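The following note sets out several points on the helical packing of this protein. It is offered for reading alongside the coordinates.

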Amino acid sequence: MPYLGSEDTVKDLRRALSNPNVQSEPLRYRNTILKVIRVMSQGVDVSGLFTEMVKACATVDIVQKKLVYVFLCSYATLNPELSLLVINTLRKDCQDPNPMVRSLALRNMTNLRLPSLVEYVEQPLMEGLKDRAACVRRVAVLGWAKLHNLQSPSEIDATVVNELYSLLRDSDPVVVVNCLRALEEILKEEGGVAVNKSIAHHLLNRLKEMDVWGQCEVLRVLQRYQPQSDDELFDILSLLDQLLVSPHPLVMAATLSLFFSLCCRLPAVCHAALERVRAPLLAACGSVSREMRFAALCHIQLLLRSVPGLMGAQYKRFFCGYAEPAFIKQRKMQVLVELVNDDNVAMLLDELKGYCTDVNADTAQAAISAIGQIGRSYSDRCVEILTELLALKQEHITSAVVQTICDLVWVCPQCSDTVCVALEGCEETLQDSQGKQALLWLLGIYGEKISSAPYTLEGFIDGIRSEASVGVKMELLTASMRLFLQRPAETQDMLGRLLHYCIDEETDMCVRDQALLYYRLLACGVNSTRSLLQGRRSDPSLGLLIGCPAEPISQWAASFNTLGPLMQGAAETASPSRGQCHHAAVGELPALLTCGSADAALPGGSDLSVVAPLSLSTAPGLSPQDFERMWSQKPEGADTAEDGEQDCVWLEQQLQTSAVPHCSPQSLQAAMQLVNIQVLAFTPPSTLPWRVYLYTHTKCGDSDSTLILGELLYTGETNQRTVSEGAEGGGADEEEEEEQRATRPDRNQLSGKEAELREVKVTVKQQPGDERALKGLLSILATVLHTLSSEED
């Protein structure tokens, strides 16, 4: 906003610039021009001095020229007609013997950015491309990019493009880099610079002469080039090897991104490159710049998706410093969750426990959440820490702990007994709505194990008139209904008062409608209410396979060295850690496990051949909570059913196998991962019923991708078959079978004529429905189970 008195200031400056006495003294004249620039920077409109400043640019004083050009470039768009007056002076300066004057004139001719002046600028720019001074060539190359923005794409001059391509071999490295940037801008519609073998090798050989920004630009452009042979590829990788350990994080990241582009079909080379960049990444995590540290931590999280143990030995480098900002502390804790294992879990938990009492509430809550994520693998230790934190009686700590426990018991129901004891009395500390909702959910689900649950709910019901959160009221209704089904005598009266208030006095329609729903549901009978509110729970004997499968590098390579990792970190922290999954060694599976197999048949005679090639993928990942929510919608009473929406299909199939119910869960998971099927949960080996939950994404032919959830179930039924020379032996009654089983030698000692076959029930849910993909998945599952059985034999 112009200052008061600006008109008088402009008049004084005009008089000074027009005064012959001032113009006769170069130093005084320069100081007057400097005052104009100073006033202009303060917000005063000095566009009225344009004519006087145009006259001032006719000088041999370079400092004065620079000041005048700053003014002219700022006000040229407001005075396009008067700007023509300065063109002659600029064109004359382009012929000056001083290269600094020539480059300054060229730069400001293009900075005027007036379409009407394009015809006057083209000739000096073309001459500037052939100038003997490198500084002039640098400015001229970028000038063509600026000029391109003033023209339509159809007016691209092929002569200029060819000249810029020839300058890629200029002796000055800055000119080379500027040519790349200019060609990228001019040829944007055509996809940018076309990189052939000759250009690629020339740029690679010039890398050492360039500065950091130039190297990053060249490495980015080289991602478009694909070597024509393996020998050429490895020659290029040898040239880039030293840049992987560059002390500049920008160069290291750009080089690694180029490695991913060149070696997309060589995962072993990509993993070796990741090992090489470990030290530079750790050095970037200790950078003075907070922004650099944050970016390095985000990219480390990205790398850990494919190499979980990459930073395992250096986990102490991610301990938080006292003076570090909260956003870096929180990101470091997310990395620590990825690095936890049996050897360091005790130390990591002690470190995270110290962060739980941080003065910053967000940092403390992030530490508690990190402990909860580790608790999916080490539930006993983490529950012990969480219960100790409840004793601190701090509002934000108690709220975060209750929310973390709520998530933890969802995936680890075996720790619910310990949690229920620790929840006694924590309602007095809770003040925020999220913590209250989590506590109410726990009281509704595990109210029968918490002795004070009815009294706690009664306190919430008595204070419902002063409760402002709609979410708390709705969760209170659900928790009261669930507790009524478990402990009706203690809850009936308070439930009636709650329903009466919510139906007659509550102003929020969502709460009122939910209360009416529960009231009418109770009128239908307790059994109907129980079937709706008390659905199937997680089996406490189910153990969760913590850890997502190691993702292929190609899945995230395109987002490396971009802003993508900085924006994805928060969403990914909710997913299970990848550092906890221990894969047992499994023998080589036969070629039948190839997902593209078109004619795989089920053991036992069921033919589920696939018409089109089938591909499986574990991405995008599915959390245990989402899996249980989607799986619990299974229709009751039908072996094969389709729901009413026609986009979700249920199918059950009996498969015969021999040893799978006795194999280790890790072996089964490792085998499934070979065909891109993710195992989520399992029962311990040799327990009945034996159950495994899994999921995958399928794509059959040209069809769209579908999500398939699956369950393997073995209830203990066995079929005893003895294969002799061309005939099968008859069955025996139960007593004879038990007697034979007691005297039968170990199955590994059998000669192969006798086999014990088990009926494993496979239930799959597909959404949306695709019959070919569904049959293909069943065929692959049958092959995996049959192969594992063969390995056991």
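1. A residue counts as exposed when its relative accessible area is over 50%, and as buried when that area is under 20%. On the face of helix α14 turned away from its buried side, the exposed residues are Asp231 and Ser238. The model under discussion is a predicted one.

2. The opposite category in α14, which spans residues 230-240, consists of Glu232, Leu233, Ile236, Leu237 and Leu240, the buried residues of this helix. Because these residues cover an arc of only 135° around the axis, they lie on the same side of α14. The reader may wish to locate Glu232 in particular, a residue listed among the buried ones.

3. Which helices help to cover the buried residues of α14? The cover includes α12 (197-206) and α13 (212-221), which precede α14 in the numbering, as well as α15 (249-262) and α16 (267-276), which follow α14.

4. Helix α8 (residues 118-129) packs against helix α9 (residues 134-148), their axes coming within 8 Å and crossing at roughly 145°. The crossing is left-handed. On the α8 side, the contact is formed by Val118, Val121, Glu122, Leu125, Met126, Gly128 and Leu129. Their partners in α9 are Val136, Arg137, Ala140, Val141, Gly143, Trp144 and Leu147. Sorted by class, this contact comprises 10 nonpolar, 2 polar and 2 charged residues.

5. Helix α8 also meets helix α7 (residues 99-111). The axes of α7 and α8 come within 10 Å and cross at roughly 145°, and this crossing too is left-handed. Leu106, Met109 and Thr110 are the α7 residues involved, and they meet Tyr120, Val121, Pro124, Leu125 and Gly128 in α8. The contact of α7 with α8 has 6 nonpolar and 2 polar residues, and no charged ones.

6. Read together, the two contacts of α8 share some residues. Val121, Leu125 and Gly128 take part in the contact with α9 and also in that with α7.

7. For the protein overall, the secondary structure amounts to 35 helices and 9 strands. Of its 793 residues, 51% count as buried. The accessible surface is about 37600 Å², and carbon and sulfur atoms account for 51% of that surface.

8. A final point concerns contacts along the sequence. Among contacts between residues at least 6 apart in sequence, 70% join residues at least 24 apart.

Methods: Residues are numbered from 1 along each chain as its sequence is written. This is a predicted model: local features need pLDDT of at least 70, side-chain atom pairs count only at pLDDT 80 or more; totals for chains, interfaces and linings use all residues. Side-chain values use heavy atoms; hydrogens and water are left out. Axes are lines fitted to C-alpha atoms, for helices over the stretch in contact, and angles run from 0 to 180 degrees between N-to-C directions. Helices (H or I, at least four residues) and strands (E, at least two) are DSSP runs, numbered from the N terminus. A crossing is left-handed if the near helix is turned anticlockwise from the far one by less than a right angle, and right-handed if clockwise. Contact means heavy atoms within 4.5 Å. Ala, Val, Leu, Ile, Met, Phe, Trp, Tyr, Cys and Pro count as nonpolar, Asp, Glu, Lys and Arg as charged, and the others, Gly among them, as polar. Buried means under 20% relative accessible area, exposed over 50%, partly exposed in between (1.4 Å probe, protein chains only). The arc is that of the directions from the helix axis to the C-beta atoms. Accessible areas come from the Shrake-Rupley method with a 1.4 Å probe; for residues, only the protein chains shown count as cover.
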